[in-house]
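Please consider the structure shown below together with its sequence. A series of questions and reasoned answers follows it.

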Amino acid sequence: MTRRIVGPFNRVEGDLEVTLEIEGGRVAAAFVNAPLYRGFEQILEGKAPLDALVFVPRICGICSVAQSAAAARALADAAGIAPPSNGRLAANLTLAIENLADHLTHFYLFFMPDFAAAEYAGASWYAEVSAQFGAQSGQAGRQALAARARFMQAMGLLAGKWPHTLAVQPGGTTRPLAESELFRLQRIVREFRAFLEARLFGSPLETIAGLDGQTALERWRRQDRAGDLRFFLELADRLDLWSLGQSGARFLSVGAYDEEGGKCLFAPGTWYEGRVLPFDPSQVREDLSHARYASAQTAQRPEEERTVPLYDKPGAYSWCKAPRLGGEICETGALARQLVDGQPLVGDIVGRRGAGVGARVLARLLEFARVVPALQRWLDAFDPEGAWCTAAPLAENCLGKGFVEAARGALGHWLTVHQGRIGGYQIIAPTTWNFSPRAADGRPGALEQALVGLPVPEQGRVPAVVHHVVRSFDPCMVCTVH
Amino acid sequence: MKLIWLQSGGCGGCTLSWLGYAHGPLLEVLAEVGIELVWHPSLSAASCDEALALLEACARGAKPFDILCVEGALLRGPWLDQLPSGNFHRFGGGESMLDWVLRLAMRARHVVAIGSCAAFGGITAAGGNPTDAAGLQHDGEIGGGVLGPYFRDPTGLPVINVSGCPPHPDWITETLALLAQGRLTPESLDEFGRPRFFAERLVHHGCPRNEYYEFKAGAEHFGQQGCLMENLGCKGTQAHADCNLRLWNGEGSCLRGGFPCIRCTEPEFEEPGHPFHTTPKVAGIPIGLPADMPKAWFVALAALSKSATPPRVKENATAERLRRAPSVKRTKK
Ligand code: SF4
Ligand code: SF4
């Protein structure tokens with residue numbers, strides 16, 4: 001057996017390193033290490049509760065609104081309030097725009113450039129991939145960056161500033177929009193839609209959102225040759241990205257984007273082998289047995305947990321904790337959201353070809369087609385005379401929890417207020433689930449499982465498949481460890 | 001000029017802010033001023049061993065480069081045998097990021113701190129500073145940081161602190177462009193090493209709430225239009241940055257977004273000594289007075305202007321949208 005340390009991975013958010021145990025040219029076991037610890041949960045203790053809104057977005061630059069939104073929900077939960085309709089819509093828009101921008105960054109800047117790796121130089125598609133998706137030089141990447149910059153102008157209007165806005169508050173949002181500004185936002189979203197329809201899909205969003213299974217997808221693919229999605233599907237078939245990198249975990253979604261009457265655009269729940277069950281937050285535990293923290297004997301409920309770093313703890317290999325739901329390992333992200341929500345194309349693909357790299361990326365791209373029309377609908381639903389933000393007074397002692405779907409999946413905040421100050425604050429981020437180390441039972445986390453079996457030589461270059469699997473999760477390591 | 005960008009103990013938000021640069025395609029703009037990205041964690045092809053080999057060649061001096069940009073605080077903890085181990089952030093298995101930054105800084109022609117974390121320690125240094133975070137050349141307001149107070153690059157420049165949490169994409173791009181064009185001298189920087197072109201303004205300059213400020217007509221809750229200084233903790237009169245003159249993401253700023261400035265470009269903004277969204281007062285007078293304003297004058301003027309507040313301003317200050325428009329004056333009868 002050979003041990004190889006692979007890292008630092010770039011084109012992921014934050015720092016990541018993986019230790020691979022290789023036997024007979026294949027990965028026998030993987031150990032995922034998050035090598036950066038900053039201590040946000042410790043920093044928050046003793047602060048005024050609303051100060052959480054200043055600190056938590058700064059956990060992460062790529063999904064800072066998701067962190068804000070989770071904190072705002074935890075505070076709203078503690079105060080027992082809900083934002084007025086305008087505030088809810090504006091918070092949805094702010095979060096959705098960040099999530100979509102994130103999907104764009106992931107596909108064009110982080111994931112696709114790996115196909116321009118030297119080891120693929122002999123492939124018939126190589127020249128096109130390098131021209132379109134090569135890191136820094138690719139045309140597609142450059143166009144996506146320009147489209148992203150324009151799309152993020154919507155954040156200037158909705159949130160004042162991105163990243164690290166304070167606009168998302170427990171009682172709504174701080175930025176009332178005038179009708180003329182709503183018009184400007186609609187313009188920005190229309191431009192983004194045009195980019196997606198021309199560049200990514202080569203089809204109207206409704207056509208993509210309406211694909212209800214593999215047969216429909218194949219029929220659509222044959223109609224035309226345009227669009228980066230078709231190109232991705234081509235690569236996925238040729239390299240069999242479908243069976244690559246399956247985690248075997250349960251899928252978890254906490255539900256995304258609040259609609260009128262307490263419903264979500266994407267329903268919450270867990271999915272395992274075709275069965276959907278409700279998500280029960282009281283089943284969440286964090287296990288610290290292999291994480292670099294002083295730990296209790298058993299896995300802790302987040303509301304009772306403390307974060308005490310212990311670098312040299314024997315047997316520990318990551319700053320990432322191991323969250324479990326009812327003792328089970330979960331995978332979270334766009335694929336989980338779409339499976340739990342019963343999206344037929346994703347369900348069919350996973351049923352036939354498995355939940356691997358291909359399904360993860362496809363589900364992510366599909367969200368453009370499902371969320372952009374919702375953005376347009378929300379923009380039409382504002383009430384120009386309605387309220388935006390209500391006050392959220394907190395009791396001296398209270399508890400709150402808040403869940404949102406960040407681009408990469410389920411994000412949870414647990415807040416305890418004690419004598420008017422933060423007594424405890426615990427965060428479980430999407431990548432904390434996906435890149436979790438082993439728990440006390442020794443069972444590996446989702447990525448640790450997904451890497452097993454990959455062909456990796458004992459020496460020399462780490463093959464691109466490892467990068468495809470790792471990046472298919474779109475890891476955000478700064479959130480993971482915070 | 002060849003540029004290496006490293007992410008130390010931060011959130012990556014400076015990079016993400018930068019990618020939103022709005023005055024043209026970022027990569028082309030950099031090429032125009034002659035900047036080549038040798039390595040950037042979010043943009044480069046080279047990963048893992050290949051990236052380490054590249055950076056090692058630069059750190060050894062075998063591969064010359066010009067600008068070292070560091071984003072994120074330098075994490076000195078945990079301390080082992082009375083030495084900073086840097087183990088809270090190890091980069092690719094072996095060395096700590098702290099070591100990488102120190103080695104590369106010694107080879108660089110210019111060292112640029114991107115964001116308030118790399119400049120001063122920033123948010124990571126808040127609370128009890130559990131990781132012993134510091135900036136490159138400042139530990140909060142104090143000169144020092146991991147490179148020490150006397151660090152100068154081979155051209156005589158200290159660390160250039162493009163502060164902000166995150167910095168505006170223009171601040172980063174324009175600083176790099178000035179550097180590449182040889183137009184940045186020690187005189188271009190203020191006493192905290194910040195480029196004067198953005199740090200010699202106050203956030204208060206150009207704030208759309210200025211009329212409310214004049215009349216001390218404060219908002220009472222978020223979402224309202226009044227000045228955010230009186231009740232909601234706005235530090236725009238003390239924060240060095242041009243946020244309201246140079247807009248964010250096309251149309252925004254903190255104040256335009258309806259929330260107070262927390263002076264994110266200043267050292268130690270992370271610990272204001274009071275909850276962020278409240279304005280500490282003594283006998284009804286806010287204690288954090290505008291930069292350069294004598295207290296007695298402030299008190300006198302505030303009392304006077306308060307008594308002269310037009311009803312329009314007063315009413316709009318606590319409303320979520322304009323209730324009364326300015327009256328229309330006709331000059332012809
Ligand atoms: S809100 Fe802040 S920056 Fe704006 S006028 Fe008031 S004090 Fe100045
Ligand atoms: S307005 Fe203040 S808090 Fe906001 S970005 Fe500018 S300096 Fe930072």
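The questions below concern a predicted model, taking up confidence, ligand sites, cores and backbone geometry in turn.

Q: What ipTM does the predictor give the complex?
A: For chain B, the mean pLDDT is 95, and 100% of the residues in that chain reach 70 or more. For the complex, the predictor gives a pTM of 0.97 and an ipTM of 0.96.

Q: Between which chains does ligand 2 lie?
A: The residues around ligand 2 include B:Cys243, B:Cys254, B:Cys261 and B:Cys264. A:Lys161 is also one of the residues around this ligand. Ligand 2 therefore has residues of both chains within 4 Å, and it lies between chains A and B.

Q: How many residues of the shell around ligand 1 are charged?
A: Among the residues around ligand 1 are B:His204, B:Cys207, B:Arg209, B:Cys227 and B:Cys234. By class, this shell has seven nonpolar and four polar residues, and the number of charged residues is one.

Q: Which helix gives the most residues to the largest nonpolar core?
A: The largest nonpolar core has 237 residues, and those with the most contacts inside it are A:Phe201, A:Phe232 and A:Leu451. The element that gives the most to this core, with 15 residues, is helix 14 (residues 357-380) of chain A.

Q: Why does the distance between the end C-alpha atoms of helix 8 of chain A agree with its expected span?
A: Helix 8 of chain A covers residues 179-201, which is 23 residues. At 1.5 Å a residue, these should span 33 Å. The distance agrees because the end C-alpha atoms are 31 Å apart.

Q: Which residue follows the cis peptide bond at A:Gly7?
A: A cis peptide bond, with omega of about -5 degrees, joins A:Gly7 to its partner. The partner lies in the loop between strand 1 (2-6) and strand 2 (17-23) of chain A. That residue is A:Pro8.

Q: Is A:Tyr257 buried or exposed?
A: A:Tyr257 is found in strand 7 (residues 256-258) of chain A, and its phi is near 65 degrees, a positive value in a residue other than glycine. Its relative accessibility is 6%. Buried means under 20%, so A:Tyr257 counts as buried.

Q: What is the relative accessible area of A:His482?
A: A:His482 lies in the segment after helix 18 (477-481) of chain A. Phi of A:His482 is near 45 degrees, a positive value in a residue other than glycine. A:His482 is buried, with a relative accessible area of 4%.

Definitions and conventions:
Residues numbered from 1 in each chain as written. Chains lettered and ligands numbered in written order. Predicted model: local features only at pLDDT ≥ 70, side-chain atom pairs only at ≥ 80, totals over all residues. Heavy atoms only, no water. Core = buried A, V, L, I, M, F, W, Y, C linked by side-chain atoms within 4.5 Å. Buried < 20%, exposed > 50% of the residue type's maximum accessible area, 1.4 Å probe, protein only. Helix = DSSP H or I, 4+ residues; strand = E, 2+ residues; numbered from the N terminus. Expected span 1.5 Å × (residues − 1). pLDDT = per-residue confidence, 0-100. Nonpolar A, V, L, I, M, F, W, Y, C, P; charged D, E, K, R; others polar.
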